[in-house]
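Biologist: I've got the model open and I'd like to go through how its helices pack. Can you walk me through the reasoning?

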Amino acid sequence: MSVPAKFRMISPTFTISSPILEEDVDFRHKAGCRKLITLTGGFVTSRVLQAVKKRSMHVEHFPLDLESGETSMIEHQVRTLLDKVAGLYDSGSRFHLVCGPDMLEASFVTALIRQICDDWDASSALIEALEINSFVNYPTLVRRVLSSDVSRWKDLTHLLTGDI
């Protein structure tokens with residue numbers, strides 16, 4: 001059993017890492033995680049997929065191309081992914097987000113989740129995201145985090161948790 005590379009616990013139910021190996025699956029399973037969400041660069045190998053299925057876990061892939069110049073496509077990808085992640089986060093489901101080695105996508109999603117579910121301001125969430133990403137592609141990360149409107153999910157979160 002091993003810890004995935006660049007593993008980080010965002011909350012007791014939400015963790016992130018760079019691509020996982022077959023032996024990393026057992027680590028996440030023993031921690032109660034039953035859902036893996038892969039983002040661009042975080043595809044799982046057939047051996048990892050077999051290990052996931054053997055443990056009755058679920059893998060779902062969401063494309064997220066933050067470096068694309070197509071704003072409407074990125075907005076659609078972010079909406080689709082955040083609908084899923086915010087729902088998992090609010091329900092208390094344990095899930096693990098897997099992305100590429102540079103952690104760009106996971107750091108971006110973490111910044112948005114911090115704003116939506118943990119009520120952080122954008123600058124505080126950005127600081128953590130930059131640290132997760134080790135300042136790789138920081139212009140893209142800064143631009144995407146600061147230009148993302150999370151108000152849609154903040155309203156949803158308050159309705160789900162009863163904090164009106």
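Modeller: Sure, and keep in mind that this is a predicted model. Let's start with helix 3 and helix 4, which pack at an angle of about 55°, their axes 11 Å apart.

Biologist: Why are helix 3 and helix 4 called oblique to each other?

Modeller: Roughly parallel needs an angle under 35 degrees, and roughly perpendicular runs from 65 to 115. The angle here is about 55°, so the pair counts as oblique. As for handedness, helix 3 passes helix 4 in a right-handed crossing.

Biologist: Which residues make the contact?

Modeller: From helix 3 you have Val78, Leu81, Leu82, Val85, Ala86, Tyr89 and Asp90. Helix 4 brings Phe108, Val109, Leu112, Ile113, Ile116 and Cys117.

Biologist: How do those residues divide into nonpolar, polar and charged?

Modeller: There are 12 nonpolar, no polar and 1 charged. Asp counts as charged, so Asp90 is the charged one.

Biologist: What about the largest nonpolar core?

Modeller: It has 38 residues, and Phe14, Ile37, Phe108 and Val109 have the most contacts inside it. Among the elements that each supply at least two of its residues are strand 2, helix 3, strand 5 and helix 4. Helix 4 gives the most, with 9 residues.

Biologist: What does Phe14 touch, leaving aside its neighbours within four places in sequence?

Modeller: Arg8, Met9, Tyr89, Phe95, Leu97, Val109, Thr110 and Ile113. Apart from the largest core lies another core, of 9 residues, including Val25, Leu36, Val48 and Val52.

Key. Residues are numbered from 1 along each chain as its sequence is written. This is a predicted model: local features need pLDDT of at least 70, side-chain atom pairs count only at pLDDT 80 or more; totals for chains, interfaces and linings use all residues. Side-chain values use heavy atoms; hydrogens and water are left out. A nonpolar core is a set of buried Ala, Val, Leu, Ile, Met, Phe, Trp, Tyr and Cys residues joined through side-chain atoms within 4.5 Å. Buried means under 20% relative accessible area, exposed over 50%, partly exposed in between (1.4 Å probe, protein chains only). Helices (H or I, at least four residues) and strands (E, at least two) are DSSP runs, numbered from the N terminus. Contact means heavy atoms within 4.5 Å. Axes are lines fitted to C-alpha atoms, for helices over the stretch in contact, and angles run from 0 to 180 degrees between N-to-C directions. Angles under 35 degrees count as roughly parallel, over 145 as roughly antiparallel, 65 to 115 as roughly perpendicular and the rest as oblique. A crossing is left-handed if the near helix is turned anticlockwise from the far one by less than a right angle, and right-handed if clockwise.
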